[in-house]
Amino acid sequence: MVQEKTRHSVNRDWAERLGCKISDMTTPNLIVKQHSESLKEYHGIYCFYNGTTCVISAPPKYVSRINTALSECRPEEAFDVELLTDAIDSDNYQIIGPAFQGYVDASSFMEQKTHEVVELVTEHQLALLQELRLSCSETEWKHSDIDFQRRPIIARFCDEKIVTAGSWRVESSGIISIGIISHPNYRGNGHAKAVVSALTSKGLKTGATMHYQTLKSNTSSVAIAHSLGYKELAHTIAIRL
């Protein structure tokens with residue numbers, strides 16, 4: 001189990017992101033609200049549920065109609081794609097989720113010991129990373145959140161090419177979010193788990209809580225997180241309009 005202070009850090013991170021109070025995260029409640037500053041550029045509905053509280057964040061024009069549609073719902077009932085899409089009364093949307101929001105701290109991490117990962121630093125290594133990028137779809141690359149200018153970037157090599165790479169983004173709360181991508185021809189061979197483990201170990205040494213996000217439908221990715229000790233402390237649905 002993750003430590004109580006980790007749960008508090010996670011609740012604080014989501015409260016800041018959604019524009020709520022930390023106490024809202026631990027009290028059974030359904031909150032429908034206008035997008036906070038951090039979400040104001042997102043043209044869609046964002047739904048968060050942590051097993052206690054459900055927060056639905058929306059552009060101003062949708063807040064009232066969602067409130068009305070879900071007024072009789074309990075928090076666990078409101079976290080429902082069909083109810084949310086019915087409430088916005090639109091046929092033009094894209095559903096992203098439900099997504100697994102996993103977290104691990106030093107007390108719950110189950111490291112995979114491996115020496116077969118490399119931190120990329122040279123121009124040649126970054127050129128190989130570009131080859132990995134071209135082997136994947138633009139959507140996959142975007143979701144990995146790897147930035148050539150942001151460090152660290154950790155990779156695993158096979159057949160003289162990079163087959164998996166990962167990096168992280170440090171949130172304003174101090175939580176570190178991991179992103180990962182694998183070559184389509186080398187998936188399912190443990191490469192991603194090795195890279196995620198190495199990134200997690202490196203991040204935990206800084207004292208941070210580590211975050212791993214993936215679609216719940218991506219069962220192999222969720223399995224990687226669980227195998228390394230990540231605990232699902234929340235799940236989300238994004239409805240892009």
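These legends walk through several close-up views of the structure shown above.

The model is predicted, so local features are described only at pLDDT of at least 70 and side-chain atom pairs only at pLDDT 80 or more, while totals for chains, interfaces and linings use all residues. Residues are numbered from 1 along each chain as its sequence is written, and side-chain values use heavy atoms, with hydrogens and water left out.

**View 1. An open sheet of 10 strands with mixed pairing.** The strands follow the order 1-3-2-10-4-9-8-7-6-5. At the edges sit strand 1 (29–34) and strand 5 (118–119), each pairing on one side only. Here helices (H or I, at least four residues) and strands (E, at least two) are DSSP runs, numbered from the N terminus, and two strands pair if DSSP finds at least two bridges between them. Take a look at strand 1 and strand 3 (residues 53–58): they run parallel and are joined by six bridges. Within this pair, I31 stands opposite V55 of strand 3.

**View 2. Two helices lying across the strands.** Helix 4 (residues 81–88) lies across strand 2 (44–49), strand 3, strand 4 (94–104) and strand 10 (231–240), and runs at about 30° to strand 10. Helix 8 (residues 219–227) lies across strand 4 and strand 9 (210–215), at about 160° to strand 9. Axes are lines fitted to C-alpha atoms, for helices over the stretch in contact (heavy atoms within 4.5 Å). The angles run from 0 to 180 degrees between N-to-C directions.

**View 3. The largest nonpolar core, with 21 residues.** A nonpolar core is a set of buried Ala, Val, Leu, Ile, Met, Phe, Trp, Tyr and Cys residues joined through side-chain atoms within 4.5 Å; buried means under 20% relative accessible area, exposed over 50%, and partly exposed in between (1.4 Å probe, protein chains only). I178, V196, M210, Y212 and Y230 have the most contacts inside this core. Strand 4, strand 8 (176–182), helix 7 (191–204), strand 9 and helix 8 each supply at least two of its residues, and helix 7 gives the most, with six. If you centre on Y230, its contacts beyond four places in sequence include I178, V196, M210 and Y212. A second, separate core of 18 residues includes V32, C54, A58 and I239.

**View 4. Helix 7, a mostly covered helix.** Of its 14 residues, 12 are buried; among them are H191, V195, L199 and L204. The buried residues pack against strand 4, strand 6, strand 7, strand 8, strand 9 and helix 8. The end C-alpha atoms of helix 7 are 20 Å apart, which agrees with the 20 Å its 14 residues should span at 1.5 Å a residue. The expected span is 1.5 Å times one less than the number of residues.

**View 5. Two cis peptide bonds, each leading into a proline.** One joins G97 and P98, with omega about 5°, and P98 is in strand 4. The other joins R151 and P152, also with omega about 5°; P152 is in the loop between helix 6 (138–144) and strand 6 (153–158).

**View 6. Positive phi values at D159 and E160.** D159 is in the loop between strand 6 and strand 7 (161–170), and its phi is near 55°. E160 is in the loop between strand 6 and strand 7, with phi near 65°. D159 counts as exposed at 55% relative accessibility, and E160 is exposed with a relative accessible area of 76%.
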